[in-house]
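Here are my notes on the model you sent round. They are set out as numbered points, starting with the surface and ending with individual residues.

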Amino acid sequence: MRAVQVQEYGGPEVLRTVETEVPEPGPGQVSVDVAYTGVNFADLKARGEGYRVPSLPFVPGLEVSGRVRALGEGVSGVEVGQEVAALTNGGAYADVVVADATTVFPLPSGVDLRTAATLPTVLPTAYALVHAVGRLQPGETVLVQGAAGGVGTAVGQLAKAAGASGVFGVVSGAAKAKYALDHGYDDVFVAPSTNSTASTNSTASTVPAGFVDEVRAATGGRGVDLALDPVGGETFRASLASLAVFGRLVSFGNASSAEPWRVGQPELYPTGLSVSGFSILTLAQTAPDALRALTEQAFAAVAEGVVSLPVTAEFPLEEASEAHRLMGGRTSTGKLLLRVA
């Protein structure tokens, strides 16, 4: 079968399509004939710096849609040939992938395989950030970093559906701002790598560097009730500074590769702030039953039309490097897929 391997860490050019043996499922596992594979920023970090890579060579990829190929010992609840979506520990850039049965999900009625490939990582993450971890309440406000990405696209819609009174996003360019405004956001702040920032409603206007002052202005000086940050570093600190009294910050990534954040009494005590974290990959290992319940709720939101995640670019498996270049260039929006079958 075909698989896209990382044999050494580096840029998109290190992704190589090779022929390898078809994996067989062990006890409690399921093998899947892959139809589509989702591309995530974690894949870029794995390729570039070894994020969550046990050893080389390594096949990246954390989510797929496809049909059940074979069942390992003790597996029930799915059948050979059934259409499923699956969260994996890696290996999804391939014709066949093996996943733990606890992270293999039958498709909801009306959800096709292409749409299903957008679901396993992004939708449960977004749902958890809004509901399970973020605990957003009707009338509250939320600030989302990376508002035009996969998680950001879903969060904007879920926050609106949850009754948020203000949904604010931060993106890296004007085109992304327009995209985010079409997917649930009330106001979007453009913060490109030059650190200049602009606020975009129907038209963009120039404002001082940094988004904290703009968030305060947009909320009448109050700040937001919930901030969601996948970036870390200085962006994490600025998100913390954007919170209202009793505000909550959820960290769900470290795209900046900055030193791990540390927050203590000096930051939290004065206005009663709280900080929490979320990783769907870690939850899959530590609390699979909680992950399964969360995923079922998230998938139901898709089936009911509450949220949708547009596929904005699709590449053949052999062109995985082009998908990585697009995502790494910070110009992509929505969800990127690899077409496998």
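**Notes on the predicted model**

1. Surface. The protein exposes about 14100 Å², and carbon and sulfur atoms supply 51% of that area. Please keep in mind that this is a predicted model. Of its 341 residues, 54% count as buried.

2. Overall fold and dimensions. The protein contains eleven helices and 17 strands. Its radius of gyration is 20 Å, close to the 20 Å that the globule rule gives for 341 residues, so the protein is as compact as a globular protein of that length. The C-alpha trace spans about 60 × 40 × 40 Å along the principal axes.

3. Contacts along the sequence. Taking contacts between residues at least 6 apart in sequence, 66% join residues at least 24 apart.

4. Helix α1. This helix covers residues 41–49. Its buried residues are Ala42, Asp43, Leu44, Lys45, Ala46 and Arg47, a list that includes charged side chains by name, Asp43, Lys45 and Arg47 among them. The elements they pack against are the strands β1 (2–6), β2 (15–19) and β3 (29–39), together with helix α11 (320–328). Just after α1 comes Gly50, with a positive phi of about 80°.

5. The β-α-β unit. Strand β9, helix α5 (residues 174–181) and strand β10 make a right-handed β-α-β unit. The two strands, β9 (residues 166–171) and β10, pair in the parallel sense over four bridges. In one of these pairings, Val170 has Phe189 of β10 as its bridge partner.

6. Strand β10. Are the faces of this strand, residues 187–190, covered or open? Both are covered. Asp187 and Phe189 lie on one side, Val188 and Val190 lie on the other, and all of these residues are buried. The pattern follows a general rule: in a regular strand the side chains alternate between the two faces of the sheet. Phe189 is thus worth finding on screen, being both buried and the bridge partner of Val170.

7. Ser332. Where does Ser332 sit? Its place is in the loop between α11 and β17 (335–339). Ser332 counts as buried because its relative accessibility is 14%, and the cut-off for buried is under 20%. Leaving aside neighbours within four places in sequence, Ser332 is in contact with Lys176, Leu326 and Met327. Of these partners, Lys176 falls within the residue range of helix α5 (174–181), while Leu326 and Met327 fall within that of α11 (320–328).

Notes. Residues are numbered from 1 along each chain as its sequence is written. This is a predicted model: local features need pLDDT of at least 70, side-chain atom pairs count only at pLDDT 80 or more; totals for chains, interfaces and linings use all residues. Side-chain values use heavy atoms; hydrogens and water are left out. Buried means under 20% relative accessible area, exposed over 50%, partly exposed in between (1.4 Å probe, protein chains only). Two strands pair if DSSP finds at least two bridges between them. A crossover is right-handed if, with the strands pointing away from the viewer, the path from the first strand over the helix to the second runs clockwise. The radius of gyration is taken over C-alpha atoms; the globule rule is 2.2 Å times the number of residues to the power 0.38. Contact means heavy atoms within 4.5 Å. Accessible areas come from the Shrake-Rupley method with a 1.4 Å probe; for residues, only the protein chains shown count as cover.
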